[in-house]
Amino acid sequence: MFDLRYHVASLAAVFLALIISIVVGVGISGKGFVSDSERNLFNERIADLKNQLDSAQVRGTELARAQRAAQAFVADAYPTLMSGRMTGTRVALVFAGHEDKRVRSLVEQALGDAGGKPPVRIRALKLPIDLPTLRHALAKRPALAALATQRRIDDLGRRLGADFVAGGDNSLWQLLSADLVEERSGPDKPPVDGIVVARTVPPQAGVTARFLAGFYAGLASAGVPAVGVERAGDADSAVPAFAKQHLSTVDDLDSPPGRLSFVLFLG
């Protein structure tokens, strides 16, 4: 998709440079020590910046027109492009933080538009994690308890991510569920064909950040399509954190083009 946000930022930068040039020029000339050659160079610089600003405004108009055309095309083609793409595909949804009902609804809408069923299981993680509590929950399983340490917390996250996709009788999730899962629906057992993750808490730090990095990596390396999603304009975008761990990303799930991209990634 075209995105006007980046164009607006570049337009603002050119405009700011023009203002600074004018202010500095006026300040210097007011002190009376600008030579004719310096004044000519200064005027040429202002003229160049004005030309850049004019060009940026033209590009902005063209970009907006192209964006509207792309959105219209997707809206017209959406039913055909989505038809049957998710039929028979089992998807799981996990929230890094509390469950966001709107994001869940958008995921279900996209899957339904593509002939799929709602996620077979949904989990919402309690964040930030309480490392001593997790270690205590695993105390009777020394090999697993060894993962709940500062040094290996990313390995614990990676293991949980991979196991969430695989399903089955998963002892690690069962042991940690009371202390790690805030909300849940759907069974643990069915393996899934695709995974969706959304972050609903601000960026984390320390041990929780490392846990989440491992968790995202575990989802991404499980051998099925894995997509990190959010809505357009969400504060504290999680896209960089998702992309760093090789998840596909959709940052406008609340638009038809975003839902189409989401389904294409999963399908």
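User: Which residue follows α6, with a positive phi?
Analyst: Quick caveat: this is a predicted model, where local features need pLDDT of at least 70, side-chain atom pairs count only at pLDDT 80 or more, and totals for chains, interfaces and linings use all residues. Numbering starts from 1 along each chain as its sequence is written, and side-chain values use heavy atoms, with hydrogens and water left out. Helices (H or I, at least four residues) and strands (E, at least two) are DSSP runs numbered from the N terminus. Right after α6, with phi near 70°, comes G167.

User: How far does α6 reach from its first C-alpha to its last?
Analyst: Helix α6 covers residues 153–166, which is 14 residues. The expected span is 1.5 Å times one less than the number of residues. For α6 that expectation is 20 Å, and the model comes close to it, reaching 20 Å.

User: D154 lies in helix α6, but is it buried, partly exposed or exposed?
Analyst: Buried means under 20% relative accessible area and exposed over 50%, with partly exposed in between (1.4 Å probe, protein chains only). The buried residues of α6 include I153, L156 and G157. D154 has a relative accessible area of 24%, so it counts as partly exposed.

User: Which residues is D154 in contact with, leaving aside neighbours within four places in sequence?
Analyst: G218 is 64 residues away from D154 in sequence, yet their C-alphas are 9.5 Å apart in space. Contact itself means heavy atoms within 4.5 Å. Setting sequence neighbours within four places aside, the contacts of D154 are R210 and G214.

User: Which helix gives the most to the largest nonpolar core?
Analyst: A nonpolar core is a set of buried Ala, Val, Leu, Ile, Met, Phe, Trp, Tyr and Cys residues joined through side-chain atoms within 4.5 Å. The largest one has 38 residues, and L156, L160, F211 and L219 have the most contacts inside it. At least two residues each come from β1, α4, α5 (142–145), α6, α7, β4 and α8. The top contributor, with six residues, is α8.

User: How many residues are in the other core, the one with M86?
Analyst: Over in the largest core, L156 touches L134, L147, A148, L172, L176 and F211, not counting residues up to four places away in sequence. Apart from that core lies another, whose members include M86, V107, L253 and L260. Its residue count is 24.

User: How many residues of strand β4 are buried?
Analyst: In a regular strand the side chains alternate between the two faces of the sheet. On one side of β4 sit G194, V196 and A198, on the other I195, V197 and R199, and both faces are covered. For strand β4 (residues 194–199), the buried count is six of six.

User: Which residue of β4 is the bridge partner of A96?
Analyst: Two strands pair if DSSP finds at least two bridges between them. Strand β1 (residues 91–96) and β4 do that in the parallel sense, over six bridges. The partner of A96 in β4 is R199.

User: Which helix does the chain cross through from β4 to β5, and what is the hand of the crossover?
Analyst: β4 and β5 (residues 226–229) run parallel, joined by three bridges, and I195 stands opposite A226. A crossover is right-handed if, with the strands pointing away from the viewer, the path from the first strand over the helix to the second runs clockwise. Here the chain passes through α8 (residues 206–220), and the β-α-β crossover is right-handed.

User: What is the bridge partner of V227 in β6?
Analyst: β5 also runs parallel to β6 (residues 248–250), with three bridges. Helix α9 (residues 239–244) joins these two strands in a right-handed β-α-β unit. In β6, V227 is partnered by S248.
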